[in-house]
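Me: Can you walk me through this structure? I'd like to start with where the chains meet and then look inside.
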Amino acid sequence: MGSFMANLILASVRMASPLIFLSLAELYSQRAGLVNIGIEGIAAIGSLTGFLISLITGNPFLGVLAGALAGIAVNMIFAYATISLCAEQIVYGMAINIFAPALAAFIYRVYFGSGSELVQAGLMGTLKSMLGIKSNNFLVNLFLDQTPMVYLAYILIILTAIYFTRTKSGLNYKAVGEYPKAAATLGINVIGIKYLSCVICGALAGIGGAYLTTCYSKTYVDGNVAGRGFIALAAVIFGRWSSAGVLIACLFFGFCDALQIRLQLVNNTLPYQFFQMIPYVATIVVLALIGAKKAGPKSSGQPYRKEER
Amino acid sequence: MNRKLIAMVVTGAMIASMAPTFTAHADDTRTVAMICDSSISDGGWGMACYNAMIDAAEKTGWETMYSDSIAQSAYYDTIVSYCDLDVDMIYAPGNQYTDAVLQAAEEYPDIAFALLNGGADTPEKAVNGNVSSLLPNATQIGWIAGALAGLMSESGTIAFIGGMELDTTLAKYAGYGEAAAFVAEENGKTISVLDPVYSGDFSASDKGLEFAKAMMDQGADVFFGDASAVDSGARQAIDEANEANGAIKVYDIAQPADLLGQNDCVIGSQVTDNSVLIELSMKAVEEGTFGGETLYGTLQNGVLSAGELNKDVVPEDVQAKYAEYIQQMVDGTFMGGAAETEAE
């Protein structure tokens, strides 16, 4: 395989990995009928928390765990407002997107001070480095030169597929997102599942953010989530609300991003902005093609009022 | 009712947390406010510009305010928010703020606007004459990095990563390339510079990492950038590649502060002391003479300089040659002196 293609594929996998966590977060939320557009903000707080804990303890795994907990904590604001108070989901998602990155920036500034030098934390090692493998073969790099979090992302894809299609609990979960009143008449705890979805969503979005600073980049910079939370929203729709579809969507978006970087290098005639458009144009085109037939949960975005007829 | 009340309280608390905080200042103390689209803790451009403001303010006794990591759509609104607080000077460190600064300067004629890296012709576009450009010589910045790249490159391919395609970025790229080619030729080598790439913003360190990996695949072994935190991502990728190879064979030249030691791959820095230009602007405000001019920062007036070299990586003879080239730049004889006019 040519080095251009090999490096393009490796970069695609690298760039898709955080998207998988964020897209799964959105998938679990939407499957319970909650459209959470605040993934971007939750990831931002997860990114900072992961970075800080990894820096302080020297253990990136603890950083990921802390990122998950921080994500849950922030998403509980969304959960309480939208489930218990039946507030508008889009508005609160947007509020989280503004609030959480600002909070992350504030904490960073308080901890490190203004105008401080760039602080760098250690990254999680890859399986290849843990096993002491020196080979630079493409397949070795593709399958072994990945952090444990990448394997976790793919395992979660499989587990999610099994959970939603092969388990009673998963079908109950989906029923809450489809027709919560009918689910309630069957004895399913609709409110409980909606809160559970917010815990899972917060944890996965927090992990997705923490991935950026514990597995990808050694530094935390404000805005480092860089729109991935919104791409995750598109990936869930592109993926037709299934984990396999989400995986394909994330790999596609990762590929588009990796491609635009490489095309900038090999081209010297077109303006660079043309290539930077590729991931976004691809998103619009794919959503236009896919969006013709809605396959999402029927009660998505609608508040659930127990006493309402 | 209770739920509505709680929802209102939660919403209010969130909005309050988002609101910028401003420090009140005594009436007789002058205040400068900085806006920046990158973080002031980015270890690069944002940090250097913020610290320059702080240094200048300490010398002049001014108070400071800042808003960083602001979106492009918020440039004007942020500037105007500070103008409404009656600050004495707005400090906007970047060519990209030009339109927002000119618009605000027209609406607030009593406030001074110092535009770092503004165009040489920007002050005359301000209808109220209250805008000054602080203009470090971008070509000389490129030369300082390019001369070192030309001396150090072994593969003959060097790279440049930009944040946005600004005039100053293009000038740095051009200076970097021509100095590297000149120095390499004088030392019996040939250098080619890869086409510049742009991350589109100054925060995407992951993009810097991916750019650097792709450029190393194309043989680049010396990097220079003008992209703030994006550059730090590139340095991470270079460090990883060097670690995999067991030796430091790919290098990075940092800017605009002396970042020697931040990463193993940093062999030197191009240093810009913007505090001198800001201090001059503050004094001009105090004297009532501010506006309508371009304050240049050059190697000759000390605003620009070359940082310390990594003596473990840069051989002694290269250190000596580099010092000679820097002296030629200061003396105006670099590249036979022909390029000095261009740099000015």
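Me: How many residues does the contact take from chain B, and how many from chain A?
Reply: Keep in mind that this is a predicted model. Each chain brings its own set of residues to the contact. The count is 41 residues from chain B and 37 residues from chain A.

Me: Which element gives the largest share of the side of chain B that touches chain A?
Reply: Several elements of chain B supply at least two residues each, among them α1 (2–18), α2 (45–60) and α9 (229–245). The largest share is nine residues, and the element that supplies them is α8(B).

Me: And how many nonpolar, polar and charged residues are on that side of chain B?
Reply: Let's sort that side of chain B by class. Polar residues number 15 and charged ones eight, while the nonpolar ones come to 18.

Me: Now the inside: which helix gives the most to the largest nonpolar core?
Reply: That core has 215 residues, and A:Ala235 is one of those with the most contacts inside it. Domain 1 and domain 2 of chain B both give residues to this core, so it lies between them. The top contributor, with 14 residues, is helix α10 (residues 190–216) of chain A.

Me: Is A:Cys215 buried or exposed?
Reply: A:Cys215 sits in helix α10 of chain A. Beyond its close neighbours in sequence, within four places, A:Cys215 is in contact with A:Leu123, A:Met124, A:Thr147 and A:Met149. A residue needs 20 or more other C-beta atoms within 10 Å to pass the cut-off. A:Cys215 has 24, so it is buried.

Technical notes. Residues numbered from 1 in each chain as written. Chains lettered and ligands numbered in written order. Predicted model: local features only at pLDDT ≥ 70, side-chain atom pairs only at ≥ 80, totals over all residues. Core = buried A, V, L, I, M, F, W, Y, C linked by C-beta atoms within 7 Å. Buried ≥ 20, exposed ≤ 12 C-beta atoms within 10 Å, placed from the backbone. Helix = DSSP H or I, 4+ residues; strand = E, 2+ residues; numbered from the N terminus. Domains from an automatic or database assignment. Contact = placed C-beta atoms within 7 Å. Nonpolar A, V, L, I, M, F, W, Y, C, P; charged D, E, K, R; others polar.
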